[in-house]
Amino acid sequence: MLQGLQDARKELPSKYFYDDAGSRLFEQICALDEYYPTRTELSIMRERMAEMVALLGPNCLLIEYGSGSSTKIRMLLDALQDPAGYVPIDIAKEQLLRSVAALTPAYPALEVLPVCADYTSDFALPSPTKLVSRRIAYFPGSTIGNFDREPAKRFLQQIARVCTGGGLLIGVDLKKDCNILHRAYNDSQGVTARFNLHLLERINRELDANFQLDQFGHYAFYNPGQSRIEMHLVSLTDQVVCIGKVEIAFKLGESIWTESSYKYTVEEFARLARAAGFTVERVWTDAQQLFSVQYLSVA
Ligand code: AVI
């Protein structure tokens with residue numbers, strides 16, 4: 001965090017949004033009318049579930065990267081034929097444990113093996129007692145869009161290593177009218193703004209800092225040249241913030257870049273998937289082509 005704030009271009013990794021309060025705010029974003037990705041992805045999954053489970057086959061081990069509240073996985077678990085187990089991976093421990101506790105009574109025959117980890121780092125994959133036909137990674141929500149290009153490729157390569165002989169079911173947000181994108185990241189209720197500002201609250205609490213939240217503004221826009229939404233926190237005044245003993249100076253209008261959310265065409269994502277060692281088996285989209293769910297296999 002300190003290093004990012006001391007750089008000439010101030011930047012904080014977006015993965016730090018997701019402590020418990022941040023994860024709850026993100027869930028509120030997902031329920032917003034303006035935030036189309038969640039409901040669109042769910043509707044694609046609902047409509048195409050039979051085709052999806054036919055591709056995944058029986059007895060697969062489902063590994064969910066960033067499981068959050070584990071709601072989307074229920075659609076898969078309801079439809080899959082005798083899954084060998086479910087490995088939810090999440091960095092937010094409380095939420096991980098809560099969602100496992102909620103899942104267990106609903107799926108008593110399912111072996112749930114939670115892993116509390118930063119899923120971009122190497123972690124030990126637990127082994128279920130049942131025989132596993134193939135490992136299937138599940139990475140919904142277009143979280144892949146929050147990775148820059150090279151890290152996205154490296155992360156997909158890491159999944160390919162974990163799931164060799166299996167595959168990856170992934171949600172990928174698509175390029176579209178910039179106004180739809182703008183509304184999705186600048187919602188009228190200000191939930192996205194609170195989510196963004198919450199990062200400063202977290203730094204205050206965990207790193208003994210004194211950010212004044214009303215001295216920073218949420219700023220999100222689509223950068224068409226880079227095919228990404230950029231989310232920033234802009235300093236509303238000249239100010240100095242202390243993080244422990246370190247002082248960080250901000251000029252009026254200076255920003256902390258807190259998140260990128262890349263949008264892809266189906267062809268652009270296919271190129272990325274191939275570069276990481278995957279074969280694109282199927283791409284499902286909604287009628288408006290807002291979002292895609294894709295099944296990629298890895299030999
Ligand atoms: C988690 N991720 C895919 C979200 C996104 O759309 O990039 C995070 C988010 N940031 C603001 N709104 C939602």
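**Close-up views of a predicted model**

**View 1. Arginine 39 on helix α3.** Arginine 39 is partly exposed, with a relative accessible area of 45%. This model is predicted, so please read each view with that in mind. The residue belongs to helix α3. If you look for a distant part of the chain to pair with arginine 39, try phenylalanine 291: the two are 252 residues apart in sequence, and their C-alpha atoms are separated by 9.8 Å.

**View 2. The bend in helix α3.** Follow α3 from residue 36 to residue 56 and you will pass a kink of about 70°, with arginine 48 at its centre. The end-to-end distance tells a matching story: the C-alpha atoms at the two ends of this 21-residue helix are only 26 Å apart, short of the 30 Å that a straight helix would reach at 1.5 Å a residue. Buried residues of α3 include Tyr36, Pro37, Thr38, Ile44, Met45, Met49, Met52 and Leu56.

**View 3. Leaving helix α3.** Just after the helix comes glycine 57, with a positive phi of about 75°. Next in view is proline 58, in the loop that joins α3 to β1 (61-65). Proline 58 is partly exposed, at a relative accessible area of 33%. Its C-alpha atom is 21 Å from that of valine 283, a residue 225 positions away along the chain. Asparagine 59 sits in the loop between α3 and β1 as well, and its relative accessible area of 27% makes it partly exposed. Do check its backbone: phi of asparagine 59 is near 60°, a positive value in a residue other than glycine. Most residues other than glycine have a negative phi.

**View 4. Glutamine 289 between two strands.** Here is another backbone worth a look. Glutamine 289 lies in the loop linking β11 (279-285) with β12 (291-297). Its phi is near 55°, positive although the residue is not glycine. With a relative accessible area of 44%, glutamine 289 is partly exposed.

**View 5. Helix α8 and its surroundings.** Twelve of the 17 residues of α8 are buried, so this helix is largely enclosed by the rest of the structure. Among the buried residues are Val191, Phe195, Asn196, His198, Leu200, Arg202 and Ile203. A kink of about 25° is centred on leucine 197, a residue that is itself buried. The span of α8 agrees with expectation: at 1.5 Å a residue its 17 residues should cover 24 Å, and its end C-alpha atoms are 24 Å apart.

**View 6. The ligand and its shell.** Fourteen residues surround the ligand, and Tyr35, Asn146, Tyr185, Glu259 and Ser261 come nearest. Sorted by type, the shell holds seven nonpolar residues, six polar ones and one charged. Three elements each supply at least two residues of this shell: α2 (20-30), α8 (191-207) and β10 (255-262).

**View 7. Polar atoms facing the ligand.** Begin with tyrosine 35, where an N or O atom of the side chain is 2.5 Å from an oxygen atom of the ligand. A polar side-chain atom of serine 261 is 2.7 Å from a ligand oxygen. For a ligand nitrogen, turn to asparagine 146, which has a side-chain N or O atom at 2.9 Å. How much of the ligand's accessible area does the protein cover? Of the 340 Å² that the ligand has on its own, 98% is covered.

Key. Residues numbered from 1 in each chain as written. Predicted model: local features only at pLDDT ≥ 70, side-chain atom pairs only at ≥ 80, totals over all residues. Heavy atoms only, no water. Near = heavy atom within 4 Å. Polar contact = N/O pair within 3.5 Å; in protein donor to acceptor, adjacent residues only side chain to side chain. Areas by Shrake-Rupley, 256 points an atom, 1.4 Å probe, with all protein chains shown as cover. Helix = DSSP H or I, 4+ residues; strand = E, 2+ residues; numbered from the N terminus. Nonpolar A, V, L, I, M, F, W, Y, C, P; charged D, E, K, R; others polar. Expected span 1.5 Å × (residues − 1). Bend = angle between axes of the 7 residues up to and from the residue. Buried < 20%, exposed > 50% of the residue type's maximum accessible area, 1.4 Å probe, protein only.
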